[in-house]
Every structure is written in structure tokens, then in C-alpha cells.
Amino acid sequence: MSDERVSEASSGEERGGGRAEPSHGDAVGAHSPSTSPQRRSTIFFLPPHHHHHHLPPFSVYVASQPTPPTRNPVRVAPASLAWRRKHALKCEDSFFFPREKSGLNLCSRSDNMKKFNIRKVLDGLKEASSSSSSTFSSSSAPSVQVGPQDNHLVQENLQSEHFQLCKTVRHGFPYQPSSMAFDPVQKILAIGTQRGALRLFGRPGVESYCQHESEAAVIQLQFLINEGALVSALADDTVHLWNLRQKRPAILHSLKFSKERITFCHLPFQSKWLYIGTERGNVHIVNVESFMLSGYVIMWNKAIELSSKAHPGPVVHISDNPMDEGKLIIGYESGIVVLWDLKSKKADYRYTYDEAIHSVAWHHEGKQFTCSHSDGTLTIWNVRGQGKPIQTITPHGKQPKDGKKPEPCKPILKVEYKTTRIGEPFIILSGGLSYDTVGRRPCLTVMHGKSTAVLEMDYPIVDFLTLCETPYPNDFQEPYAVVVLLEKDLVVIDLAQNGYPIFENPYPLSIHESPVTCCEYLADCPVDLIPALYSVGSRQKRQGYSKKEWPISGGNWGQGTQSYPEIIITGHADGTVKFWDASAMMLQVLYKLKTAKVFDRNRSKEDKGSTEVSDEDPFAIQLMTWCPESRMLCVAGVSANIIIYRFSKLEVTTEVVQLLEVRMQYELNDMESPEGGSGEQTSAGASPQTSGPPSHPSTSSNNSDGSNMPCLKVRSTQLKQSPGYQVDLVVQLVWVSGEPPHQITSLALNSSYGLVVFGNSNGLAVVDYIQKTIVLNMATVELYGSNDPYQRQPRSPRKSRQPSGGLCDINEGSATSEDRCKSPTSAAVIMHAQDGVLMTNSNLQQFYNGAGRGAKMSRKLSLPTELKPDLVLLSVCPPRGANPLDHRDNSFSRSRSSSVTSIDKEAKEALLSFQFCETFARKGDSTLSPCLYVGTSLGSVMALAIMLPPAGEQRQLQPVILSPTGMLIRLKGSIMRLAFMDSAGSLLPPANDPWFEPNVSVDGEEREKVRKRRPVSVSPSSSQDLNEGQYAVACSEKQAKVLSLPTQTCIYKHSITETSFILRADVVQMSNGVCLACFCANGHIMTLSLPGLRPLMDVNYLPLTDMRIARTFCFTNLGQAMYMCSPTEVQRITYSQDTCENLQEMLGELFTPVETPEAPNRGFFKGLFGGGAQSLDREELFGELAAGRASRSLAQHMPGPGGIEGMKGAASGVVGDLARARIALDERGQKLGELDERTAAMMASADSFSKHAHDMMLKCKDKKWYQF
């Protein structure tokens, strides 16, 4: 169908707002030469002056019928001439039937019209048009039946107002964390990152994500304890106040320092004055309510006076004495600590040590404090004791016997000193290990009395916090847990139990345990699926966790009504597959499957193929396909292996893992002798290499030339399989003539047919996993049959190399790591199907690829589009001797001519998309049959008819037969997605079987009965007449087309993007219709109606900055989508208006009104003798009246967006009202302040003007007029 004419809708799109309508000039069913000349089809448009309120919006009538001679032609008056002229319709072919109570009835006239029952047509249309059902199903509005014709009336309920794009929630571990804070009353944890992100965690299921606009690193976080607010200090010297009393936190105020760099912040409990230390050694004070700087400044030279000759360095610590708010301790990096008296504005004491300070911690009674130093020591000081510390400890230093100083250790980065009423205090520290512990993992040390526990961590420690029973610093602290923030994990240690066990982390922070390589997302899945996965997954839980409740327990869950189950599946670099419950805006791991168990991990060095391919992640998951109804799972790995799993609730021991080996490789043949002297071609069809499952990996793997090497060795010992997913069959592509197999680019499974199909750049193979055989192994070129649209020019034959050992040329050229990441391009000419039971060799077409021979196996996980030589950022190996990639910019632009008629010399046609369906296999078929539709990287869509044996015993014995039926259509660019719809516009899912327990020892007949039990309704259209037509939807990187089946005519076409290309396309079920959702490389997310391909939404969402996004982006039903926004985090988004509107309800609340605990009792004697905590009226010291205003040039105040507008979603009731009133006052004060500032500025300028005038007057007073 290379000369296929398709009606272009460009003019209609321009006039009709991008609506893809068939053009008026061309007949809709423009046919190829192979189409029957008697068949024609016409499209009808409604005249604008006929107002038919019953008709659904955007209904399109398509009549496509054979036109044999007719006996009784029906004549009716044509539509108004003016309207006809206006719309340039072929009037002689179209007529309108007026009829009582019906909208509008149509038929097509020809000179040779077949007799048919017109009443049936009219009744059908009347019923369709008067149907007021919102969802168009087969029962409410059947399609028009005109004998065997396929007239379509499709109601498209989806409109653009049903779509809106917004982010919903972010799950996973905060990427590159840098700081942490905890509110001990609200019990909320905040984590800041190096990219300016803020993640807030409450009870499991309550979390929030915010982002600082500048994306500067968060260096410190401080809660306003129990106030519902948080202060963040950033590396760009800004300080921000976040309002947490709304579901989506927002910034209320910001302050940017311009002359000094922020190094440390401290906000005392129940104080509104924030201390900010700087790199210059000064301390500034900020009013948190107004975010204005106080005029009170502690200058570094005043603080140290003559105690040091040099500058003391940046401020590394500030805190007030727990018992006296008027005394502030300031730690300088050089080792000087100053106790500053805020009232007298002078230093009371100075403490000097000759090692740099990293942190300082108070004893709660305010008489002692501890410093941690860069040489691995802790010093303990009495507040009143000058000169020397009362104690120096080196926790990890070896103590020499002769009383000398212990040898220095690594710096102690942080220390906390926490007291208990009963027993010894806790000293907790990070770092401080001795230098000779090379390779030792990062440690947290807990010193309690005489015992010292060293807790090893998996990753470097970023920060830690001790959780205590009281928020008051002057009471016994009673620590009960330590939260340790690591670079890639969050660990909470129980201090109250012996051995310090960790708490089981309920947050989904382990997504990145091994890097995510691919994702699948399924909304509205079968309801029994999550409980089934949870029950097998709960047995995988580790033991030995703390028995206590998770201590971070603040906030409340959302009140959303969204109740459908959602599952996310992630495939990982180490071969694990994780199933996650993603329902109700939460994420929880259900079950973890380790696919690497199937293979021998200790691969022997003798296996030449294996050692050459050994790379970082040989087990990485590349593709996954899953049938939720039957629970069958199939995964493809980077080592060209496919594993098929069944779900079972019973444990089973598999004696031998069943294995099929497949040769999918073009063979090197000389042009003169097509057989290549091997004689393999003639025997290809007759004696397949693997007709049954061999019981061991492969006898031929010992060949001297390594021609049949699999990349991984399947284990030969028995395998104990726990309940859950159990391996049913392993399929491996083997090396051929020293060439590694190409990576698998597409995969599909059908549980009803018992088939798995996979493809790569060589061709496709179909495996029958019931009989454990390969039923088809075919080169891509053979799928076309004789209709190959590409002129594949055979190149001059290559001389066959002498394979000395088969791997002689493996290390040809430089084997750099860059090379290793590139795709192999084989020196390939033809693919044989030793394993293809049903292949004939009559139409084997030879075509040469002519590229160099890179024998390194590609391990780089990338999109299937990597097979295109022009996608630069994806890993593609140019043929040797070709131009390097330097002439192209490193962006996602395409420069390929889309009308490819002769195949590019280096290009391979890979199979990228599969879809099983019960549809019309061939043109003009009248019955539905099982089919496999295939989409290629060159834009072709082809079909294969499947003949299945009868169910029961026959299915186990007779072969499944697949036969190609040729090409249907071609699109620009690679095919991304194929789907089918019935004549009413409902999505047709592939046939599937319900799940059955595979390990029950019942009779074969019983099991077959269970297997044969079909779901009552496979799809909404299953009750419809089999004679009705269907729609096939094909979406490529550039455009989408809709075909009418069985006529195979293209009825709609829409060009989605000209300048970019689509990375992911999915046909999804929305609540009131079906649409095509696309994610484009330029960052746009688009939806199109089906089958009409009307653009419904186009949002420029995010530029593609990272290949990870492209590899993990998924759309799913009901307007949900997800992608990995960082190596550790999943971002979920919605494109549904409903979900956006209800999002506020669905999100959890972080802030909940809680009473602040009572302050500790001072006691009679302490009150009498002046002991106990000394309070301080800071307002008196720092307020504008006492301290004046700070210099305006020091810091600039910026009001945040989270003012009154941000309060709309805030907590309701008294707390919310109070917060609103407070913010209103703040804003009023802010405006007054601005007015005040303006007045002051005007006064200053007036002042300076008068001064200048006075100076001029003085200068000129004594001069005579002739001196001027």
C-alpha cells in the first residue's frame, strides 16, 4: 500500500481548531489498487441550519458499502443547494432523510444500490440519536446495521474541559538530601535537598513536596515548633518562611542577604527572633513574623575582642543557654566559643581550643556544653570554667599507654548531648572514626554511660536528629529515637531497646534500592489483585525491627473519594521487579520479585561469550508486560533473555528451569550462494533446533566458535520458589557466529492464547508458553511478504572472516566504556529461523546492512527508539568509518526526512509495538479471529493471523499457527502504540483468561475447565454483532491514524508533532470515554479524542532534561500518569479535570491543632533562690525602638506567594481564621512598613538636597559675580 491515498484533514484542522476531519475533496475510503473498485464510502456532515439536539457532539457518520446492482432505488430530495455549495459536498452521492422524532437519518445512493431494509437503518439511528446515556455503550446505542455494511456513528463524550494537567504527589527518597528538621509536637519531619526541594513527612501516607524557585541547596531547616511554619536557609543566602497550615505549603516571606553569606541559623523554642550566623563571623537577628532584620548585630570583632589575633572564621553554631535565654553561645570554626550576654552586649566568657569546631551541644541544665572537633575529639566545658575543658574524649582513638595524646581521628561532624531522669546521659555523634579504618562504613556512635555502640550505616551520613519527649531545652530530654538521614536512605533507631534496633520504615523510600530501569502503571486494576500481592509480599518482610510505633506520626490523611485500585510496577538494574500499591495518593510496596535467581551468578570464565559481555548490570530489566486478570508476568532483560512467570499462592520446588534458546540473527551469506554453504536454510522449516524444552542450558554451547552462547547461564540446580511469581519458562537469545544477540525492543503477552511475542532489530519470535515451544521466528522483512514498500538494495557481499574461536574481533578498536554503552550493529544480511516451525524459505529476501561489527553487547538501557541512527542522546553506535556524531547538536531534534522510500543503508527495522486482539485479520473479513498486530521502527503496521487449536487437550498437543497477512498502513516515524476499538468507540482489551492456581494437583480436565472460564464480559462491546466493524488506532512518533476494519481504510489522521517526536503514547480509558495520551520530547503532554483524533489538551509540561523521564513515563486509565523525576523519586501527575478539582480533598494535612506540652515545673527552691530558667524579653532588645533598623543594603525583604491566596486551602476553623487574621495583619504591617520606608527615603533625599544646596551656598557666598 505504498501508494495509499489518505484524506488529509489539513484544511479542516486550520478552520476547525485542529479538528481532524476527513477532507471534502477526497472520498474517505480512498482505496489502494488492491481495494475492490465496487466499494466506496462517503462521509456526511450535518447542515448548520438543522438543529438536532438529540445528536451527540462531534458525531461523524461514515458509510462504507459495496455497491452491487440495486432493484429498488430510493429517491429523496437533496439538501439545500446553498448549503451544498458552501460545503462542496458531492450532492449526487449524499441525501438526507427527514423523519419524525429522529435527529437525522442518512444513507448513500448509487446507481447500483443493493436492496436493504431502510426501516432498520432509521430505527437504529433513531435509537442512537435519542439515547441520552453519557457513556456510549453497546446496550444504549447500537451501531447502524445495513446488512454487511459498516456504517459508524461514534459518540465522543470527551471534551477539552474534561482535561487539566497538574502534579499530584511525589514519592520516594528525597534526591541528594542536605538538611533535616523535626517538629517534636506536631511530629513532622522536613528534609531539604541540594536542588532546593523540600519534602515533609507525617504519618505514613501523609507527605508533601515543595520546591524553592531558585533551586539552591537547602543548608538548614528550622521549625517554628507547633506553629505550622518552617524556616529554610539556602545556599544562595536567602531565608524563607513556609506556611504549613495549608495542604500545599507556600512561602509567606523571604529575605535575601546581599553582603554576607549565611552559615548557620537558630530559632529558640517559642521565640519569634531568628539568629543568623554568617561567613564573616557576625550574627544578625530576624523577626520571623515580619521577616525584617533587627538593628541588633553581634559583630565578630566585638565578640572575640583581643582573645585572638586572627579572624575566628565563619559561625558554625548558635544556641541560647537552656536556663538563660539572655546568654547566647556562638561557635566559630577556628575553635573559639563565645558566651554572649544579649542584655549587656558583651562577651561573658570565651573558650579557646586549638582544633576546628564542627558542632556544639548543651546539657539541659545550662552549666555544661560539649564541642566536637576536626581531630575526632569531644571537649566538655563548664560554662564558668575558663581556659581548659573539664574533659576531652576521643571516642574512636587508640589510647597510648605513656599518657600522650591519642592519635587523631576523622572529624566528628555533629554531637548531641541528651539527658535522662534515670540513668546516664546519651552522647550521640557522627564521624570520628580512626584513619586506619579504611573501607569502614560510615558510623553513628551512641555513648551511654560506659557503653559505646557503633552503628554502621549503608551510606554516608548527611545529618541526624535525636527525638526527645519534650520540646523544652531546659528539661530532662528523655531521648527515645535517632533519625539518621543518609545520602540514600532514612533510618530511625530505637534508643529505648537493647541493641538499638531500627524501626521498620513505612515510607516508600526504597524505590531506588537498585536503580529503576523501567516502569508500568495500572489504574483501575482488578480488585483482588492488591490483596493477593500483599499476602505473598507480607511473607518477605525482614525480622528484627523495633516493636514500637513509627515515631513520625503527624498530620491527617486526605478525605478523597477516589477508590479505584492502582498498581505501579518498577523494574530494576539488579533484576528485581517491585509491585507497589499506588491507590489513594499513597505508595506502599506490595511484593518484590528477584528475577536473577533463575541464573547462575558465578559465571565460569571458560564461557567466552559470557566473560566478554560481563557488564555492570547483566540482570537489568528492560521491558515488562503484565496481564492483570490472569496475573501472568513476562520480563525481558538487557542480556536478551525473557522470563515468563505465573502467580501461585503455594510454594513449589522446580527441579529444572525450562529453557528455550532462540537464534535471532542475520546470517553472513555470500551473494552467489544464498545457502551460505551451511545447508541450514533448507532445513529451517523442517527441523527446528528447539522443538521442546531441553533440560539443560544447551548442548551446543560448548562449540569451539561460541556460536550458540546465551549471555547468561540458566541455573541447572533445583530452584525453591516461594508463593508469588514463579518462573514458568526462560527464553534466551544466543550468540550467533560470535555476534551477541540484539536487545529486545518490544514484548507482549496474551494469557488467553498462551503466547508471548518479542522482537528486536532482526525480527520477531512468538513463544507458546503452554507447549513450551517457539511457533514463529521471522525476519522483519518477511512480515511484508511481497509488498515490501522499501527498496532494500543488496550491497556487495562481505568476505566471510575466519572465526578463530569465534570471538577474534571482539576487542577491535577501542573498548572504552563509551563504546560499551553503544548498541551493536551487526554485519547482518539475513535472518534464518532454525526455530521457526512454520517458516518457509520461498520468500527469504536478502538485504545487507553493511555496518561494522561491534561484538560488545549493549547494556545501556534506553528507549526502543535507540535503534534509529539519528537520535543522538540515545546510545547508537555509528558504523566504523562513518562520520562521528560531532556535526549534530546534543539535543532531541530530528533531521530525518519522513518519507522514507528506500531503506537507509545502516538502518534496521526493529519491532517496537505489539497488540493482540480479536479482530479482522484480513481485508474484507466478516468474522473476528485472534490476531497479532505489529508496529515497526520505520512506521509500518502489519498483521498476523493466529490459528489456535481447540481448548482442552488439543491445546497441549496441536501447534499454534501464525501467518502474516501483510502491511495495513504506514505512518511517519516509529510506531509507539496500537489499540482497537469497537464500532461504538469503546476500547477493546485483548482477550484474557482469569487467574487459576497453577500448582493445584487436579485432573487435567478440571484445570482446563478453570482455564477456559472466560470473564463474563471481555469488553463493553462483547455482546455486539460480530459483523460490526472495528477501529484500529496506530500512533507513531509523529502522527496518529485511525483505520476502519475490516475495510482497512484510514478514516482519521492527525499530525501530532512536526518539530519533535513522541516518547510515550497510550490509549487510555477516562471516566467518560477513550483518548490517546502522548508525551512529547519537547515536554508537551497532549490528549486526542478517539476515534476522531480531535486535540483535547496540549500542555507544555516539562522539558525533557533527562533520559530517565523518557524511559519511565507512563500514562494509565482515569487520567493518571507517572515518571521518575530523579533517580530516587516518582512524580505522579494527573491530566483529569475531576482529579484536579478533588486534589485538595485527597491530599493529606500536615498541620493538626495540638496543645503544646506544659513547661517544666521550676520547683519552690529554684524559684526562691533564683535558679531555673531565666526568661528574656527579646522584643525589648531586638525591637525597632531599642535596636533601630538594620542597614537596608544588608538584606532585601520579598513577600512570598503564599499570602492570603495561599490561605484558601488552609486549615478550617479557629486555627485557620487566626492564621488568616495574622497573615492579613502581617501584610498590613508590611504595607505600612513599605510606606514608612518610602517616606524615610523621601526625607533622606530631601535632606541630602538641602545639604547640597547649603554647600553650594557656602561655596559661592564670598565670590564676586565676575569670579563665576
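This presentation describes the strands, backbone features and salt bridges of one predicted protein model.

Good morning, colleagues. I begin with the chain as a whole. The protein chain holds 17 helices and 68 strands. Of its 1268 residues, 57% are buried. If we take the contacts between residues at least 6 apart in sequence, 62% of them join residues at least 24 apart. The accessible surface of the chain comes to about 54,300 Å², and carbon and sulfur atoms account for 51% of that surface.

Let me turn to the strands. As a general reminder, strands of a sheet pair through backbone hydrogen bonds, either parallel or antiparallel. One open sheet consists of four strands in the order β17-β18-β19-β20, with antiparallel pairing. Its edge strands are β17, residues 262–266, and β20, residues 292–298, each of which pairs on one side only. From one strand to the next, the twist averages 30°. Within this sheet, β18 (residues 273–278) and β19 (residues 283–287) are antiparallel and share five bridges. One position to locate on the screen is Ile-276, whose bridge partner in β19 is His-284.

The loop between β17 and β18 contains Gln-270. This residue has a positive phi of about 60°, although it is not a glycine. Is Gln-270 buried or exposed? Its relative accessibility is 58% and the threshold for exposed is over 50%, so Gln-270 counts as exposed.

A second residue invites comparison. Arg-631, also a residue other than glycine, has a positive phi near 65°. Arg-631 is found in the loop between β40 (621–627) and β41 (632–637). Here the relative accessibility is 4%, and because buried means under 20%, Arg-631 counts as buried.

I now move to strand β50, residues 763–768. How many of its six residues are buried? The count is six of six, and the strand is described as mostly covered. Gly-763, Ala-765 and Val-767 point one way from β50, while Leu-764, Val-766 and Asp-768 point the other way; residues of both sets are buried.

Strand β50 has antiparallel pairings with β49 and with β51. With β49, residues 755–759, there are five bridges in the antiparallel sense, and a hairpin of three residues joins β49 to β50. With β51, residues 773–779, there are six bridges, again antiparallel. The hairpin of β50 and β51 has four residues between the strands, and Lys-772 in that hairpin takes a positive phi near 60°. Val-767 is a useful point of reference here: Val-767 is the bridge partner of Val-756, and Val-767 also stands opposite Ile-774 in β51.

Next, two peptide bonds. The bond from Leu-1045 to Pro-1046 is cis, with omega near 5°. Pro-1046 has its place in the loop between β59 (1039–1045) and β60 (1049–1055). The bond from Leu-1090 to Pro-1091 is likewise cis, with omega near 0°. Pro-1091 is found in the loop between β63 (1084–1089) and β64 (1095–1100).

My final topic is salt bridges. A search of the whole structure finds 29 of them. Lys-414 forms one with Glu-416, and the closest N and O atoms are 3.6 Å apart. Lys-414 is buried, with a relative accessible area of 19%; Glu-416 is also buried, with 12%.

Arg-977 forms a salt bridge with Asp-1066, and here the closest N and O atoms are 2.9 Å apart. What does this pair tie together? Arg-977 lies in strand β57 (residues 975–982) and Asp-1066 in strand β61 (residues 1062–1070), so the salt bridge ties together parts that are 89 residues apart in sequence. Arg-977 is partly exposed, with a relative accessible area of 24%, whereas Asp-1066 is buried, with 7%.

The side chains of Asp-1106 and Arg-1108 also meet in a salt bridge, with an N to O distance of 2.5 Å. Asp-1106 is partly exposed at 26% relative accessible area, and Arg-1108 is buried at 18%.

Finally, which residues are linked in a network of salt bridges? The network links Arg-170, Arg-199, Glu-207 and Glu-1129. Thank you for your attention.

Technical notes. Residues are numbered from 1 along each chain as its sequence is written. This is a predicted model: local features need pLDDT of at least 70, side-chain atom pairs count only at pLDDT 80 or more; totals for chains, interfaces and linings use all residues. Side-chain values use heavy atoms; hydrogens and water are left out. Helices (H or I, at least four residues) and strands (E, at least two) are DSSP runs, numbered from the N terminus. Buried means under 20% relative accessible area, exposed over 50%, partly exposed in between (1.4 Å probe, protein chains only). Contact means heavy atoms within 4.5 Å. Accessible areas come from the Shrake-Rupley method with a 1.4 Å probe; for residues, only the protein chains shown count as cover. Two strands pair if DSSP finds at least two bridges between them. Axes are lines fitted to C-alpha atoms, for helices over the stretch in contact, and angles run from 0 to 180 degrees between N-to-C directions. A salt bridge is a side-chain nitrogen of Lys or Arg within 4 Å of a carboxyl oxygen of Asp or Glu.
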